[in-house]
Amino acid sequence: MARFSDQVVIVTGGTGELGQSVSTAFLSEGATVVIFGRSAESFETMKAELDNSPRLGFQQADLTDEGSVNAAINAVLEQHRRIDAVVNVAGGYFGGVPVAQMPTDRWDQMMRLNLNSVFYVCRAALPSMIARKSGAIVNVGSRAGESGVGGLGAYSVSKAGVRVLTEAIAEEVKHDGVRANCVLPSVIDTPANRKAIPNADFDTWVKPEVIAQTILFLASDEASATSGASIPVYGRA
Ligand SMILES: NC(=O)c1ccc[n+]([C@@H]2O[C@H](COP(=O)([O-])OP(=O)(O)OC[C@H]3O[C@@H](n4cnc5c(N)ncnc54)[C@H](OP(=O)(O)O)[C@@H]3O)[C@@H](O)[C@H]2O)c1
C-alpha cells in the first residue's frame, strides 16, 4: 500500500522547480495532490507531462493575498472534505543589496511572498486538521534563514520567520494530532541556479527529488514523533 493512498496533499508552488519534484513524489505514493499557484498555464503543461493524472488538481491563488488563500483552502475542503498535508514550497529570492540600500518594496515583497504566504496557508488549513486530529505541515525555509547573511537581509529574515513560525505552530498543535516541520535547502540544483552560477560545482548542490524525499518523510506517519524540526537539506553545498 502506498504511503499516501487516499490522502489529500496541498503543494504551494507545486509547478516550480522543487514543487514539481514534491508533487510528483506524492503522486507516485498514492496521494491526491492539489497545487496552489498563480499560473494555470504552467499547471496545464505540468499535468500533460504527468499523463493528465486524475489525482492532480490545481487552485489558482495569489499566496500573498489572504482572501485568495482562504478561497483556495475552502475549495479544497469543499471538494475533498479533508487536508492531510500541506507543503509550503512557494517562495522567491532577492539578494545582493545591503540593508543600508534596501528599497522598502523589495523588503515587503520578500516578507509577503516568503513569510505571509506560509502564515496565510497554515492559518487557513489548521482548523480542519485540528478538527480531524490529524495533519502534517512541511514548510520550505532556507539555510540562509538559520542566521543573518550579509546581502540577503530581507531573504534571510523572511526564511528565519518561516522556521520560527513552524516552531510556534508545532508547539500550539502538539496535542491536536498535527505536526509542523521545516526543511532548509542550501542551493538547489535547478536550471535557474545553473544559469545564475555557471562556474559552480553542480555536483555539490542538492537535487530537488532528494529534498522531496525528506519532505515526504516529514509528512508521513514515519515521522509521527517529529514536530517543530528544521531539517538541513544542504547536499554538499
Ligand atoms: N532554488 C534554491 O536554490 C533555493 C534555496 C533555498 C530555498 N529555496 C526555497 O525553495 C522554494 C522553491 O524554490 P524553487 O527554486 O523551486 O522556486 P521556483 O522554481 O521559482 O518556484 C516558485 C513557485 O512559487 C509559485 N509562486 C510564486 N509566487 C507566487 C504567488 N504570489 N502566489 C502563488 N504562487 C506563487 C510559482 O508559481 P506561479 O508562477 O504559478 O505563481 C512557482 O511554482 C522556495 O521557497 C525557495 O525560497 C530555494
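Is D6 buried or exposed? It is a small thing to start with, but here are my notes.

1. **Ground rules.** This is a predicted model, so local features need pLDDT of at least 70, side-chain atom pairs count only at pLDDT 80 or more, and totals for chains, interfaces and linings use all residues. Residues are numbered from 1 along each chain as its sequence is written.

2. **D6.** D6 is exposed, because it has 11 other C-beta atoms within 10 Å. The cut-offs, with C-beta atoms placed from the backbone, are 20 or more other C-beta atoms within 10 Å for buried, 12 or fewer for exposed, and partly exposed in between. D6 sits in the segment before β1 (8-12). Its phi is positive, about 65 degrees, although D6 is not a glycine.

3. **K133.** Here is another non-glycine residue with a positive phi, near 55 degrees for K133. You will find K133 in the loop between α4 and β5 (135-140). K133 counts as exposed, with 11 C-beta neighbours inside 10 Å.

4. **Overall layout.** The protein has seven helices and seven strands. These are DSSP runs numbered from the N terminus, H or I over at least four residues for helices and E over at least two for strands. Reading from the N terminus, the order is β-α-β-α-β-α-β-α-β-α-β-α-α-β.

5. **Size and packing.** For 237 residues, a compact globule would have a radius of gyration near 18 Å, and the protein agrees with that at 17 Å. That radius is taken over C-alpha atoms, and the globule rule is 2.2 Å times the number of residues to the power 0.38. Along the principal axes, the C-alpha atoms fill a box of roughly 50 × 40 × 35 Å. Buried residues account for 43% of the 237. Of the contacts between residues at least 6 apart in sequence, 70% join residues at least 24 apart; a contact here means C-beta atoms, placed from the backbone, within 7 Å.

6. **α1 against α7.** Helix α1 (residues 17-28) packs on helix α7 (residues 208-219) at about 55 degrees, with the axes 8 Å apart. Axes are lines fitted to C-alpha atoms, for helices over the stretch in contact, and angles run from 0 to 180 degrees between N-to-C directions. The two helices are therefore oblique to each other: under 35 degrees is roughly parallel, over 145 roughly antiparallel, 65 to 115 roughly perpendicular, and the rest oblique. The crossing of α1 and α7 is right-handed, meaning that the near helix is turned clockwise from the far one by less than a right angle (anticlockwise would be left-handed). From α1 come E17, L18, S21, V22, A25 and F26, meeting P208, E209, I211, A212, Q213, I215 and L216 of α7. By class, this contact has nine nonpolar, two polar and two charged residues. Nonpolar covers Ala, Val, Leu, Ile, Met, Phe, Trp, Tyr, Cys and Pro; charged covers Asp, Glu, Lys and Arg; the others, Gly among them, are polar.

7. **α4 against α5.** The axes of α4 and helix α5 (residues 153-172) come within 8 Å and cross at roughly 15 degrees. That makes α4 roughly parallel to α5, and the crossing is right-handed. On the α4 side the contact uses R106, W107, M110, M111, N114, L115, V118, F119 and C122, and on the α5 side A154, Y155, S158, K159, G161, V162, L165 and I169. The split is 12 nonpolar, three polar and two charged.

8. **α3 against α4.** Helix α3 (residues 66-80) and α4 have axes that come within 9 Å and cross at roughly 30 degrees. They are therefore roughly parallel to each other, with a right-handed crossing. E66, V69, N70, I73 and L77 of α3 make the contact with Y120, V121, A124, A125 and S128 of α4. Seven of these residues are nonpolar, two polar and one charged.

9. **T104.** T104 belongs to helix α4 (residues 104-132). With 7 other C-beta atoms within 10 Å, T104 is exposed. T104 and A154 lie 50 residues apart in sequence and 9.9 Å apart in space, C-alpha to C-alpha.

10. **G91.** G91 is in the loop between β4 (85-88) and α4. G91 counts as buried, because it has 25 C-beta neighbours inside 10 Å. Leaving out residues up to four places away in sequence, G91 touches G13, L113, N114 and V140. The C-alpha atoms of G91 and A229 are 20 Å apart, with their positions 138 residues apart along the chain.

Technical notes:
Two residues are in contact if their C-beta atoms, placed from the backbone, lie within 7 Å.
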